[in-house]
Amino acid sequence: MGELAKAWTIGFQAPRPSLLNSSVELLQGIITLKHMAVNSLENTAPWTRHSIDANEALGVDPFVLADYYLRPFKSAIRGGDARGVMCSYNAVLGKPTCLSPIIRKSREMWGFRGYVTSDSDSVHDAYNPAPPLGNGHAYP
């Protein structure tokens, strides 16, 4: 998946010369990699994408996170210079992905120089009360 993500990124963002100044290259577009990260566990009963924390109890430890779930993002960012990332609704290892220091540090280590956007209500979910009172993660 990492090689595919890298290839899509390179193809989508392929630079071209500016029509106004041929010595300047412009990106064709900016790709947004979705959904960083571990959203494949979303909607696994009894959790929803709004309430799940992908953690060691569910088989996601720091090694699995880095070696399996983050690898395609790493390839697309480091190898393809992806400029956009969308964080997922879920939490990973105790933190909502939009607010996760692990996810942020990963992007920094890979040389990410783009923007991060949330997936619809994922920032709202980060601060919304956790079940059974609400449908979010209740990040302090």
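## Exercises on a predicted model

The side chains of Asp-81 and Arg-113 meet in a salt bridge, with 2.6 Å from N to O, in a structure that is a predicted model.

**Exercise 1.** Determine which parts of the chain the pair Asp-81 and Arg-113 ties together, and which residues are joined into one network by salt bridges that share partners.

*Solution.* Begin with the positions: Asp-81 lies in the loop between α3 and β5, whereas Arg-113 lies in the loop between α4 and β8, so the pair ties together parts that are 32 residues apart in sequence. Next, look for a further partner of Asp-81, and a salt bridge with Arg-83 appears, at 2.8 Å from N to O. Salt bridges with shared partners therefore join Asp-81, Arg-83 and Arg-113 into one network. Finally, compare the surroundings of the three: Arg-83 counts as buried because its relative accessibility is 19%, under the cut-off of 20%, while Asp-81 is partly exposed at 21% and Arg-113 counts as exposed at 54%.

**Exercise 2.** Work out which residues of helix α4 are buried, and on what they pack.

*Solution.* Within α4, which spans residues 101-109, the buried residues are Ile-103, Ser-106 and Arg-107. These residues cover an arc of only 95 degrees around the axis, which puts them on the same side of α4. This agrees with a general property of helices: an α-helix has 3.6 residues a turn, so residues three or four places apart point the same way. The buried residues of α4 pack against three strands, namely β3 (32-36), β5 (84-87) and β8 (115-117). At the N-terminal end, Ser-100 caps α4, with a side-chain oxygen 3.2 Å from the backbone nitrogen of Ile-102, and after the helix comes Gly-111, whose phi is positive, near 80 degrees.

**Exercise 3.** Establish which strands stand at the edges of the open sheet formed by β4, β6 and β7.

*Solution.* The order of the three strands is β4-β6-β7, and their pairing is mixed. Since β4 (53-54) and β7 (95-96) each have a single partner strand, they stand at the edges, and one side of each is left without a neighbour in the sheet. Turning to the pair β6 and β7, the two strands run antiparallel and are joined by two bridges, with Val-92 having Lys-95 of β7 as its bridge partner.

**Exercise 4.** Decide whether Ser-122 counts as buried or exposed, and state how confident the prediction is in its helix.

*Solution.* Ser-122 belongs to helix α5 (residues 122-127), and at 1% relative accessibility this serine counts as buried. Beyond residues up to four places away in sequence, Ser-122 touches Cys-87, Ser-88, Tyr-89 and Cys-98. Confidence in the chain is lowest in α5, at a mean of 81, against a mean pLDDT of 89 for the protein chain.

Technical notes
Residues are numbered from 1 along each chain as its sequence is written. This is a predicted model: local features need pLDDT of at least 70, side-chain atom pairs count only at pLDDT 80 or more; totals for chains, interfaces and linings use all residues. Side-chain values use heavy atoms; hydrogens and water are left out. Two strands pair if DSSP finds at least two bridges between them. Helices (H or I, at least four residues) and strands (E, at least two) are DSSP runs, numbered from the N terminus. Buried means under 20% relative accessible area, exposed over 50%, partly exposed in between (1.4 Å probe, protein chains only). Contact means heavy atoms within 4.5 Å. The arc is that of the directions from the helix axis to the C-beta atoms. A polar contact is a pair of N or O atoms within 3.5 Å; within protein, one must be able to donate a hydrogen and the other to accept it, and residues adjacent in sequence count only if both atoms are side-chain atoms. pLDDT is the predictor's confidence in each residue, from 0 to 100. A salt bridge is a side-chain nitrogen of Lys or Arg within 4 Å of a carboxyl oxygen of Asp or Glu.
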